[in-house]
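Got your viewer open? Let's take a walk through this one, a selection at a time.

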Number of protein chains: 2
Amino acid sequence: MKNFYFHNPTKVFFGKGEVEKVGKLVKEYGNTVLLVYGKSSIKKMGLYDKVVNLLEKEDIKIIDFGGIDPNPRIESIREGAELCKKHKVDVVLAVGGGSTIDASKGIASAALYDGDPWDFYSYKVESVGALPIASILTLAATGSEMNAGSVVTNFETKEKNGWGSPYTNPKFSILDPVNTFTVSKHQTGCGVVDALTHVYEFYFSNEDAYLNDRVCEGIMKTIIHYGPIALKNPEDYEARANLMFGSTLALNGVSGFAKDFEGFNHITEHVLSAFYDIAHADGLSVLAPHWMEYILSDKTVNKFYEFAVNVWGVHPGKDKMAIAKEGIKRVSEYYKSLDMPLYLKDLNIINPPLDEIVDKTLHRETIGRYVALTKEDVKKILTNAL
Amino acid sequence: MKNFYFHNPTKVFFGKGEVEKVGKLVKEYGNTVLLVYGKSSIKKMGLYDKVVNLLEKEDIKIIDFGGIDPNPRIESIREGAELCKKHKVDVVLAVGGGSTIDASKGIASAALYDGDPWDFYSYKVESVGALPIASILTLAATGSEMNAGSVVTNFETKEKNGWGSPYTNPKFSILDPVNTFTVSKHQTGCGVVDALTHVYEFYFSNEDAYLNDRVCEGIMKTIIHYGPIALKNPEDYEARANLMFGSTLALNGVSGFAKDFEGFNHITEHVLSAFYDIAHADGLSVLAPHWMEYILSDKTVNKFYEFAVNVWGVHPGKDKMAIAKEGIKRVSEYYKSLDMPLYLKDLNIINPPLDEIVDKTLHRETIGRYVALTKEDVKKILTNAL
């Protein structure tokens with residue numbers, strides 16, 4: 001087991017009705033809040049009005065900032081930060097999914113910075129601190145509610161970059177599964193794939209982390225189990241609850257304390273998204289099974305065998321390679337059953353500029369910490385995924 | 001899944017050599033440290049000298065306070081708190097196992113309190129704050145390194161009570177598995193049983209917490225796997241590392257976020273310890289299998305079936321009751337293989353005053369949140385364990 005540092009100070013308030021606490025919780029951090037949200041969904045479901053009422057009851061001044069995109073743009077970060085400066089905002093409260101929370105982390109940081117916020121995401125400036133961030137989660141997927149990470153897109157430079165700082169963990173996050181009842185079938189499938197891929201990125205990594213792998217298996221089994229149940233009955237509380245906190249555990253440190261983040265799927269998908277503005281998880285859904293097939297070898301077969309048997313319930317046996325392949329097949333079949341895409345053409349990506357995409361994907365000689373892949377490898381995987 | 005609050009701010013520095021950081025880490029919290037430890041083991045292994053050197057290098061004044069007992073006494077809390085007050089201690093640093101850390105939590109709290117520290121443990125006073133607490137762990141067992149709990153014994157009143165406050169989570173804990181290489185076979189077995197029992201107390205509880213149960217299974221499988229390896233080769237780093245962080249996860253919130261603490265094993269064992277000053281885990285080792293046998297019924301058979309199949313690898317099948325029984329049998333066999341006791345007589349407890357013990361165990365009508373047990377039930381379990 002490798003040396004590691006584990007620290008996650010975010011307070012989680014989980015369960016039905018916990019939103020009622022938001023006014024008093026925000027009040028602990030100040031009197032003026034930037035209320036960040038996406039499109040109209042939180043208004044349709046009545047959450048917007050509820051939150052506004054709860055904040056106003058505590059005499060908290062609300063600066064309204066809606067319209068965050070599913071792949072949040074650097075322009076939104078700039079705009080939100082200006083509002084914070086202008087209105088002397090004390091707290092940034094995200095109400096939404098990972099994109100809204102990610103944007104809030106950028107905004108809260110940029111509010112204390114005089115330069116351009118893209119400096120963070122282009123790794124020119126580490127951090128100068130951040131306003132307190134909080135969240136009310138409405139989508140089980142990214143884990144952003146309990147980690148420091150923030151992914152933002154710059155369509156000018158065709159870059160979608162992840163960044164975080166010691167200041168960008170939310171102070172608190174409110175997770176009420178009921179707030180995910182209205183999530184569409186496609187978004188629910190996306191959440192399942194996103195959370196699973198977070199776990200893959202750790203699971204398929206360092207081999208000497210038994211405890212870490214067993215915990216990962218528990219998280220994956222849960223998400224796999226409840227994905228179809230939530231698709232079939234969107235108001236199944238147990239399914240929504242397990243998917244919600246499962247997604248949190250998939251990227252809050254618990255799934256990867258003793259592992260390195262493999263990286264291939266996320267880095268490659270970020271490039272695809274920056275080219276095509278596809279949903280993050282749609283890209284992951286296409287990439288992961290092709291990547292697994294490609295990196296399966298005598299060197300990795302034991303890990304994929306464990307994956308097949310312990311996660312997908314494939315019957316154990318002597319032919320490890322066959323069983324490993326069966327495990328990967330189960331991933332594709334499962335994604336298909338969720339109506340998630342398996343090929344780039346399913347996303348209407350036809351004849352993509354492969355060389356350009358591959359160039360953007362590899363900043364160094366290779367990509368991937370578990371199996372190092374060259375440009376040629378990545379091009380082959382993308383070709384298999386056409 | 002029930003509503004829950006999850007928050008664990010302790011910083012963990014895990015791995016070989018991490019102790020080197022202790023001087024600079026302590027310095028963040030002040031210049032005078034109370035160095036709390038147990039008997040001679042940390043001196044024998046050279047850890048004491050190393051820590052003293054690292055602290056002195058940062059010009060930190062050390063107030064030495066050794067001699068904490070395996071079941072820490074309220075007298076030690078009183079004495080340590082007096083030292084803190086007298087020397088204006090800034091930080092309490094525990095170097096040792098759970099008892100030393102537990103004692104440090106009491107001391108750090110009592111240092112800011114004018115009354116008697118037993119007021120905390122007898123639930124007369126909640127908390128008045130605490131000095132910053134930190135730990136260097138030398139025994140994988142209790143999880144105290146990453147939670148707020150503290151168990152202290154009052155032999156005058158024959159009470160061993162657990163208590164904690166929002167101030168008693170260690171600020172940081174250093175977990176170097178190498179520091180557990182010299183732990184004796186018996187103490188290693190005790191650690192395994194202690195950590196497993198923490199998980200049992202959550203696992204055998206609320207039935208609607210799929211994610212929580214899958215994570216518990218991962219933790220239990222890891223501890224069960226590495227227990228015998230550490231016993232056979234005490235210097236196996238992977239075994240010690242997995243047992244160490246496995247024990248942490250067993251009681252840091254990750255194993256029980258959506259569950260209630262069952263309680264029977266811990267409460268009953270605390271009474272046994274207060275009567276006989278036995279090692280906590282020796283008591284747990286005797287109690288848990290008899291408790292499992294007793295509470296197995298048509299109502300609980302599904303949970304015990306899961307336990308048998310998912311944790312102990314019993315082959316699935318139709319006769320759930322037989323498979324559940326086989327799982328419990330595996331627990332006893334496993335404990336026996338670790339040379340842990342299965343009966344009270346193995347601990348030289350002969351003809352115990354059962355009625356008196358049962359009276360101390362039940363403060364209310366029943367004990368146990370999963371299966372509520374009456375005085376009569378508890379007496380029967382103890383009789384089976386004679």
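Here is a tour in six stops, from the meeting of the two chains to some helix pairs further along. One thing to keep in mind as you click: this is a predicted model.

**Stop 1: where the chains touch**

Colour by chain and pick out the contact region. On chain A, 32 residues are in contact with 31 residues of chain B. Which elements of chain A each supply at least two residues of that side? They are β1 (4-14), α8 (210-232) and α9 (237-249). Select α8(A) for the biggest share: this helix gives the most, with 10 residues. If you colour by residue class, the side of chain A that touches chain B shows 15 nonpolar, eight polar and nine charged residues.

Now zoom in on residues 4-14 of both chains. β1(A) and β1(B) pair in the antiparallel sense, over seven bridges. To see one of those pairings, select A:Phe6 and look across to B:Val12, its bridge partner in β1(B).

**Stop 2: the axis**

Next, superpose one chain on the other. A rotation of 180° with 0.0 Å of shift along its axis puts chain A on chain B, at an RMSD of 0.0 Å. So what you have there is the relation of a two-fold axis. The same surface serves both copies, as 97% of the contact residues of chain A recur in chain B.

Which residue of chain A comes closest to the rotation axis? Select A:Pro9: its C-alpha is at 2.2 Å.

**Stop 3: the sheet**

Show strands only, with both chains visible. You are looking at an open sheet of 12 strands with mixed pairing. Follow the order from one end to the other: β3(A)-β2(A)-β4(A)-β5(A)-β8(A)-β1(A)-β1(B)-β8(B)-β5(B)-β4(B)-β2(B)-β3(B). The edge strands are β3 (61-65) of chain A and β3 (61-65) of chain B, and each of them pairs on one side only. Tilt the view to take in the twist: neighbouring strands are turned by 25° against each other on average, direction ignored.

Stay at the chain A edge for a moment. β2 (residues 32-37) of chain A and β3(A) run parallel, joined by five bridges. Select A:Val36 and you will find A:Phe65 of β3(A) opposite.

**Stop 4: helices over the sheet in chain A**

Add α5 (residues 98-110) of chain A to the view. α5(A) lies across β2, β4 (91-96) and β5 (133-137) of chain A, and runs at about 165° to β4(A).

Then bring in α4 (residues 74-87) of chain A, which packs with α5(A) at an angle of about 50°, the axes being 8 Å apart. That angle makes α4(A) oblique to α5(A), and their crossing is right-handed. For the side chains, select A:Ser76, A:Ile77, A:Arg78, A:Gly80, A:Ala81 and A:Cys84 in α4(A), which meet A:Ala103, A:Gly106, A:Ile107 and A:Ala110 in α5(A). By class, that contact has six nonpolar, three polar and one charged residues.

**Stop 5: a hairpin in chain B**

Switch to chain B and select residues 149-154 and 159-164. These are β6(B) and β7(B), which run antiparallel with six bridges joining them. B:Thr153 has B:Lys160 as its bridge partner in β7(B). How many residues lie between the strands of this hairpin? There are four, and B:Lys158 takes a positive phi near 50°.

**Stop 6: α15 of chain B and two partners**

Finish with α15 (residues 375-384) of chain B, which packs with α11 (residues 280-295) of chain B at an angle of about 125°, their axes 9 Å apart. α11(B) is therefore oblique to α15(B), and the crossing is right-handed. From α11(B), B:His290, B:Trp291 and B:Tyr294 make the contact, and from α15(B) the residues are B:Asp377, B:Lys380, B:Ile381 and B:Asn384. They divide into three nonpolar, two polar and two charged.

Now select α14 (residues 354-361) of chain B, which packs with α15(B) at about 130°, with the axes 10 Å apart. This pair is oblique too, with a right-handed crossing. B:Leu354, B:Ile357, B:Val358 and B:Thr361 in α14(B) meet B:Lys375, B:Val378, B:Lys379, B:Leu382 and B:Thr383 in α15(B). The class split here is five nonpolar, two polar and two charged residues.

How values were computed
Residues are numbered from 1 along each chain as its sequence is written. Chains are lettered from A and ligands numbered from 1 in the order in which they are written. This is a predicted model: local features need pLDDT of at least 70, side-chain atom pairs count only at pLDDT 80 or more; totals for chains, interfaces and linings use all residues. Two residues are in contact if their C-beta atoms, placed from the backbone, lie within 7 Å. Ala, Val, Leu, Ile, Met, Phe, Trp, Tyr, Cys and Pro count as nonpolar, Asp, Glu, Lys and Arg as charged, and the others, Gly among them, as polar. Two strands pair if DSSP finds at least two bridges between them. Copies are superposed by least squares on the C-alpha atoms of residues with pLDDT of at least 70 in both. Axes are lines fitted to C-alpha atoms, for helices over the stretch in contact, and angles run from 0 to 180 degrees between N-to-C directions. Angles under 35 degrees count as roughly parallel, over 145 as roughly antiparallel, 65 to 115 as roughly perpendicular and the rest as oblique. A crossing is left-handed if the near helix is turned anticlockwise from the far one by less than a right angle, and right-handed if clockwise.
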